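Colleague: I should like to go through this model with you, beginning with its interior. Please give the reasoning behind each reply.

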Amino acid sequence: MKRFITFEGIEGSGKSTQISLAAEYLNKNNVPHLVTSEPSGTDIGRKIGDILFNRGNNHLSAEAELLLFCAARAQHVREVIIPALKGDNVVLCDRFSDATCAYQGAGRGLNSEHIKIINDYSAMNLKPDLTLLFDLPVEIGLKRAIKRNDSLKDSSFSDRFEREDIEFHSRVREAYLYIYKREPQRLRIIDATRDIEKVQDEVRGHLMSILNMK
């Protein structure tokens, strides 16, 4: 059975909401599963995330950013994901290596071949069986994300990436779409402009297909 499923998308795409709803769906159908996320899927990853996402760290270099994400991934794969898969759990992961290719590759302009080598090493060559890509126009996603972050009491903890300019996010979106064109057998594009219920219906359809659920 194919059991490693990742959720990807630009800021404000709603993937985090959809992964929670997907977990509820699997729970109701008695499917053993684990929900996790990057880079915060482990205690070490959460500490790394405090560095990566804090807007006060706007001087962080692109290279350091890449290595921090991959350090968190190395711990995450070894401590959480591989053991869960070996335990016959379906793993739903909010972001994985595709995000690094999109954000640090296209967004930051780092060398894609270098990223692939570091990604593969960090992830022990683990690849998702299915990736759900939640796609929507950058302008809509950013409005959603900024509205959410403006409600935070401490603005320094609003996501650094959400404060990047629209050109950065456009490059990220185009990179995701390029990954889809290159690997259409693994990725499924989901129109994230629709309401939550319609998007979740499509998510459940993909889960039913890959997990052979009735």
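Colleague: Leaving aside neighbours within four places in sequence, with which residues is Ile-5 in contact?

Modeller: In this predicted model, Ile-5 is one of the residues with the most contacts inside the largest nonpolar core, which has 40 residues. Once neighbours within four places in sequence are set aside, the contacts of Ile-5 are Val-90, Val-91, Leu-92, Cys-93, Leu-130, Leu-207, Ile-210 and Leu-211.

Colleague: How many residues has the other core, which lies apart from the largest one?

Modeller: In soluble globular proteins, nonpolar side chains tend to be buried together. Here a further core lies apart from the largest, with Val-77, Ala-84, Val-91 and Phe-96 among its members. Its residues number 10.

Colleague: What arc around the axis do the buried residues of helix 1 cover?

Modeller: Helix 1 spans residues 15–28, and its buried residues are Lys-15, Gln-18, Ile-19, Ala-22, Ala-23, Tyr-25 and Leu-26. They lie on the same side of helix 1 because their arc around the axis is only 160°. Strand 1 (4–9) and helix 8 (196–210) are among the elements that cover these residues, whereas Asn-27 and Lys-28 are exposed on the other side. The arc asked for is thus 160°.

Colleague: Is Asp-120 buried or exposed, and with which side chain does its own side chain make a polar contact?

Modeller: Asp-120 belongs to helix 5 (residues 112–122). Its relative accessibility is 14%, under the 20% limit, so Asp-120 counts as buried. Beyond four places in sequence, Asp-120 touches Asn-125 and Lys-127. The polar contact, at 2.9 Å, is with the side chain of Lys-127.

Note on methods
Residues are numbered from 1 along each chain as its sequence is written. This is a predicted model: local features need pLDDT of at least 70, side-chain atom pairs count only at pLDDT 80 or more; totals for chains, interfaces and linings use all residues. Side-chain values use heavy atoms; hydrogens and water are left out. Helices (H or I, at least four residues) and strands (E, at least two) are DSSP runs, numbered from the N terminus. The expected span of a helix is 1.5 Å times one less than its number of residues. Buried means under 20% relative accessible area, exposed over 50%, partly exposed in between (1.4 Å probe, protein chains only). The arc is that of the directions from the helix axis to the C-beta atoms. Contact means heavy atoms within 4.5 Å. A nonpolar core is a set of buried Ala, Val, Leu, Ile, Met, Phe, Trp, Tyr and Cys residues joined through side-chain atoms within 4.5 Å. A polar contact is a pair of N or O atoms within 3.5 Å; within protein, one must be able to donate a hydrogen and the other to accept it, and residues adjacent in sequence count only if both atoms are side-chain atoms.
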